[in-house]
Number of protein chains: 2
Amino acid sequence: MDQWLVIVLRMNDSTQRRAPSDRTTVRRIPKRAHYDRKTIHDILDEAFACHVGFVAEGQPFVIPAVYARIGETLYLHGAVASRMLKCAGGAALCVTVTLIDGLVLARSAFHHSMNYRSVVVLGHGQLVTDRDETLAALRALIEHMAPGRSKVVRAPNDKELAATAVVALSLEEASAKVRVGPPIDDEEDFALECWAGVIPIALTASDAVVDQRVSASATPPRDLLAMRRSKVPL
Amino acid sequence: MDQWLVIVLRMNDSTQRRAPSDRTTVRRIPKRAHYDRKTIHDILDEAFACHVGFVAEGQPFVIPAVYARIGETLYLHGAVASRMLKCAGGAALCVTVTLIDGLVLARSAFHHSMNYRSVVVLGHGQLVTDRDETLAALRALIEHMAPGRSKVVRAPNDKELAATAVVALSLEEASAKVRVGPPIDDEEDFALECWAGVIPIALTASDAVVDQRVSASATPPRDLLAMRRSKVPL
């Protein structure tokens with residue numbers, strides 16, 4: 001219960017300054033908090049993986065997973081046999097997405113930091129049972145990873161659909177936290193000889209490694225080769 | 001309780017094939033599981049941030065944090081006022097570290113995947129009260145972010161130490177999960193025209209952004225400029 005506690009206020013405009021609930025209110029360094037939809041959506045759309053938190057017999061578990069967003073809903077998926085997915089349907093969840101943007105090297109150890117953008121979503125998972133919603137979620141998962149790709153791959157068949165569980169989580173209780181900019185040193189430390197600044201870091205793609213059995217006439221996804229999803233200001 | 005459940009077996013050699021506890025046993029796709037110390041240490045040492053899971057009033061929370069490893073202990077830190085750190089001392093925690101290594105583009109939607117390396121650590125946080133251990137942990141946190149830097153920055157003073165809480169978590173109950181390699185398609189899908197392969201992705205540093213008030217004679221940390229921590233095989 002670090003930066004968050006109770007009571008729901010709807011998020012409904014893009015300039016909202018207030019948290020959707022008391023428990024999603026950022027308490028540590030509140031100036032880094034963002035509750036507007038655009039900030040939250042942009043972070044969710046840029047990252048590849050989330051961390052799903054759930055509780056089983058009092059023990060918290062945090063599992064990495066892929067996800068996709070459709071409007072105000074986040075979708076997770078997994079094998080029907082997966083206990084995370086069994087836990088996720090109906091259970092209290094916390095899904096967190098974090099982008100690391102830079103190492104912030106200050107003149108003092110104490111003021112070292114990271115530039116980052118993160119979103120925390122609290123809520124209850126809902127097992128998706130509607131076939132159309134399931135198919136839309138699975139398409140969105142592929143599109144989230146590689147835009148345009150759902151049109152060129154073989155769609156899921158009935159056996160694959162039967163083996164796949166999809167869980168929906170509303171973005172109603174979401175908040176973002178963002179740090180940007182240079183190190184903030186104490187005034188007396190600016191005189192130190194020590195170098196200070198930011199080392200930007202971002203997830204970057206390198207050349208595709210083609211599968212050995214790929215058809216000779218298949219076209220590689222060129223736009224992905226130059227992919228650099230991170231567009232954060234420093 | 002996805003891939004994990006109870007009973008402790010010590011991890012004590014680098015080729016261990018068994019989980020340190022039943023609850024850390026990877027259940028989904030067990031061939032991806034690793035329990036040897038080298039795999040676990042390498043992942044922890046390469047990543048910059050972890051996701052800390054804790055439970056408050058039945059609700060799971062997952063918060064991104066920096067961390068460092070010394071031997072078989074993971075250290076987290078934060079403001080003494082932080083509720084996460086208050087929760088972390090003595091509480092059941094799950095700390096998860098994930099490196100995304102590639103987008104795995106298969107010929108079928110179903111077999112799309114990610115190459116990744118992740119570590120899940122279960123245990124109880126221990127608030128560090130010893131001054132020497134606190135200082136060592138804070139040094140390790142700086143070194144983890146930027147090797148060599150703890151020697152050139154101003155060390156924490158008493159006021160800063162009083163404001164900082166450090167929590168230790170044993171790596172006794174840790175497991176790793178790793179996916180490498182190309183997409184694994186169904187035999188009948190290999191005939192499809194669709195391109196397939198892996199797009200490697202890694203956290204990559206770009207040119208340092210020097211702080212405006214830096215001393216003209218300060219030397220930038222050159223080794224960091226070319227930093228590319230990910231060295232994963234494809």
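1. Strand E10 of chain B. In E10(B), Leu127(B) has Val167(B) as its bridge partner. This pairing belongs to the contact between strand E9 (residues 126–127) of chain B and E10(B), which run antiparallel and are joined by two bridges. In this predicted model, E10(B) also pairs with strand E6 (residues 73–79) of chain B, again in the antiparallel sense, through seven bridges. Within that second pairing, Tyr75(B) has Ala168(B) as its bridge partner in E10(B). Strand E10 (residues 164–170) of chain B is mostly covered, with six of its seven residues buried.

2. The corresponding strand in chain A. Strand E10 of chain A spans residues 164–170, and six of its seven residues are buried, so the strand is largely enclosed by the rest of the structure. Strand E6 (residues 73–79) of chain A is joined to E10(A) by seven bridges and runs antiparallel to it. Thr73(A) lies opposite Ser170(A) of E10(A). Strand E9 (residues 126–127) of chain A also pairs with E10(A), over two bridges and in the antiparallel sense; here Gln126(A) has Ala168(A) as its bridge partner.

3. Overall composition of chain A. The chain contains five helices and 13 strands. Of its 234 residues, 47% count as buried. Among contacts in chain A with a separation of 6 or more, 68% are between residues 24 or more positions apart.

4. Nonpolar core. The largest nonpolar core comprises 117 residues. The residues with the most contacts inside this core are Tyr75(A), Val119(A) and Val121(A), together with Tyr75(B), Val119(B) and Val121(B). In soluble globular proteins, nonpolar side chains tend to be buried together. Which residues does Val119(B) touch, leaving aside those up to four places away in sequence? They are Ile40(B), Ile43(B), Leu44(B), Thr96(B), Val97(B), Ala174(B) and Ala176(B).

5. A buried serine. Ser175(A) is located in strand E11 (residues 173–179) of chain A. Is Ser175(A) buried or exposed? Ser175(A) counts as buried because 24 C-beta neighbours lie inside 10 Å, where 20 or more suffice for that class. Residues up to four places away in sequence being excluded, Ser175(A) touches Ala19(A), Thr24(A), Val26(A), Ala33(A), Tyr35(A) and Val120(A). Its C-alpha atom is separated by 11 Å from that of Ile43(A), although the two residues are 132 residues apart along the chain.

6. Interface between the chains. Contacts involve 86 residues of chain A and 87 residues of chain B. On the side of chain A that touches chain B, at least two residues each are supplied by strands E4 (49–56), E5 (59–70), E7 (92–105), E8 (113–124), E12 (197–205) and E13 (209–210), and by helices H2 (83–88) and H3 (131–145). The most is given by E12(A), with nine residues. By class, this side of chain A has 58 nonpolar, 17 polar and 11 charged residues.

7. Strand pairing across the interface. E13(A) is joined by two bridges to strand E12 (residues 197–205) of chain B, and the two run antiparallel. Val210(A) has Gly197(B) as its bridge partner in E12(B).

8. Symmetry. Chain A superposes on chain B by a rotation of 180° with 0.0 Å of shift along its axis, at an RMSD of 0.0 Å. That is the relation of a two-fold axis. The same surface serves both copies, since 100% of the contact residues of chain A recur in chain B. Of the residues of chain A, Leu203(A) comes closest to the rotation axis, its C-alpha atom being at 2.2 Å.

9. Confidence. The model scores ipTM 0.88 and pTM 0.88. Chain A has an average pLDDT of 84, and 84% of its residues score at least 70. Over residues 1–15 of chain A, however, the pLDDT is below 50, and this stretch has 41 contacts in the model beyond near neighbours in sequence. Residues 230–234 of chain A likewise stay under 50 in pLDDT, and the model has 12 contacts for them beyond four places in sequence. Where pLDDT is low, the predicted coordinates should not be read in detail.

Key
Residues numbered from 1 in each chain as written. Chains lettered and ligands numbered in written order. Predicted model: local features only at pLDDT ≥ 70, side-chain atom pairs only at ≥ 80, totals over all residues. Contact = placed C-beta atoms within 7 Å. Helix = DSSP H or I, 4+ residues; strand = E, 2+ residues; numbered from the N terminus. Nonpolar A, V, L, I, M, F, W, Y, C, P; charged D, E, K, R; others polar. Pairing = 2+ DSSP bridges. pLDDT = per-residue confidence, 0-100. Buried ≥ 20, exposed ≤ 12 C-beta atoms within 10 Å, placed from the backbone. Least-squares fit on C-alpha atoms with pLDDT ≥ 70 in both. Core = buried A, V, L, I, M, F, W, Y, C linked by C-beta atoms within 7 Å.
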